[in-house]
Amino acid sequence: ERAEPGEILEGFFSACEPGPNPRAAIVARVNEAGPKLEVVEEMQSLAATFYYKVLRTICEKEKDRVKKDNFSEMLNDASFHKSLLALSYEIVLSIHMRPSRAFPAVPEALGVAMLDLLVVIENFSSLFNSLLSHGIRRHLTEVQNSIVERDVWRSTESLHQALAVDANCRCLATAVLSCRARGVGGASHPTLATASTPGPEGGSP
């Protein structure tokens, strides 16, 4: 049985103005992810359920923070959803599949840019850290380390594009600082690594 967004998320979808109702694109993306990853239906259902729960929680927390329920820009942002979906599969497969998929198999199969994934992981960890098990936190740290060490610097063009967005810049700087604090990534990028930049506020990734 396929997971569904649920009544609360449906309400947030309907509140998107201006712009299209994002429901169709979101549900289609979720339903297409499992076949792309070639995982069994149980894993697809678990990942989709997790994704919808996280998305609902993000919307609810944002509603409490900004006192509105129109998140059209975020809910119609394909890059955000693809990254959150990849994160959901990373977590579910790391828990339930042995051996799990080696990173970056999941984001590559879903066409997720590593910089986008790094930003979403950093915000997800900030928002839900107290609810995560040690195993999940460790897995996400390993994924962040891998991106910072090997992937994030491959394309100067993609890096510049990401840093053109203020929120991405803050999150990326926070992620690099976090990884450097753990002794990861060396000192190859002192400008980013030493930036005095505030971390993400308690909002959406």
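Is E62 buried or exposed? In this predicted model, E62 is buried, with a relative accessible area of 7%. The residue makes a good entry point to the polar contacts, since R65 forms a salt bridge with E62 in which the closest N and O atoms are 2.8 Å apart. R65 itself is partly exposed, at a relative accessible area of 42%. Both residues belong to helix α3, and because they are three residues apart there, about one helical turn separates them.

The structure holds three salt bridges in total. A second one joins the side chains of E4 and R23, with an N to O distance of 3.4 Å. This pair brings together distant parts of the chain, as E4 sits in the segment before α1 and R23 in helix α2, 19 residues apart. E4 is partly exposed, with a relative accessible area of 48%, and R23 is likewise partly exposed, with a value of 28%. R23 also takes part in a salt bridge with E10, where the closest N and O atoms are 2.6 Å apart. E10 lies in helix α1 and R23 in helix α2, so this pair ties together parts that are 13 residues apart in sequence. With 23% relative accessibility, E10 counts as partly exposed, since the buried class ends at 20%. Taken together, E4, E10 and R23 are linked in a network of salt bridges.

Helix α2, where R23 is found, deserves a closer look. Its 15 residues, 23–37, should span 21 Å at 1.5 Å a residue, and the end C-alpha atoms are 22 Å apart, in agreement with that expectation. The buried residues of α2 are I26, V27, R29, V30, A33, G34 and L37. Viewed down the helix axis, these buried residues fall within an arc of 160 degrees, so they line one face of α2. What do they pack against? The partners are α1 (7–14), α3 (41–66), α4 (72–75), α5 (78–96) and α6 (105–109). On the face turned away from this buried side, α2 carries the exposed residues A24 and P35. The helix is followed by E38, which has a positive phi, near 55 degrees.

The packing of α1 and α3 can be followed through L9 and Y52. L9 is found in helix α1 and counts as buried, at 0% relative accessibility. Leaving out residues up to four places away in sequence, L9 touches Y52, L55, R56 and C59. For one of these, R56, the C-alpha atom is separated from that of L9 by 5.7 Å, although the two residues are 47 residues apart along the chain. Y52 reaches several parts of the chain: beyond its neighbours within four places in sequence, Y52 is in contact with A3, E4, P5, L9, I26, V27 and V30. Among these contacts, I26, V27 and V30 are also buried residues of α2, while E4 is a member of the salt-bridge network.

Y52 and L55 reappear in the largest nonpolar core. Which of the 51 residues in this core touch the most other members? They are Y52, L55, L75, L84, L87, Y89 and L117. The elements giving two or more residues to the core are α1, α2, α3, α4, α5, α7 (114–128) and α8 (134–151).

Aromatic contacts complete the picture. A pair of aromatic rings is described by the distance of the centres and the angle of the planes. The count comes to four aromatic pairs. In one of them, the rings of F12 and F71 have their centres 5.9 Å apart and their planes at 35 degrees, so the pair is tilted. This pair links distant parts of the chain, with F12 in helix α1 and F71 in the loop between α3 and α4, 59 residues apart. Both F12 and F71 are buried. Another pair, F124 and F128, is tilted as well, at 5.0 Å centre to centre and with 40 degrees between the planes. Because F124 and F128 are four residues apart in helix α7, about one helical turn separates them. F124 is buried, with a relative accessible area of 3%, and F128 also counts as buried, at 7% relative accessibility. Together with F50, F124 and F128 form one aromatic cluster.

Technical notes:
Residues numbered from 1 in each chain as written. Predicted model: local features only at pLDDT ≥ 70, side-chain atom pairs only at ≥ 80, totals over all residues. Heavy atoms only, no water. Expected span 1.5 Å × (residues − 1). Buried < 20%, exposed > 50% of the residue type's maximum accessible area, 1.4 Å probe, protein only. Arc of directions from axis to C-beta. Contact = heavy atoms within 4.5 Å. Salt bridge = Lys/Arg side-chain N within 4 Å of Asp/Glu carboxyl O. Core = buried A, V, L, I, M, F, W, Y, C linked by side-chain atoms within 4.5 Å. Phe/Tyr/Trp six-rings, centres within 6.5 Å; stacked < 30°, edge-to-face > 60°.
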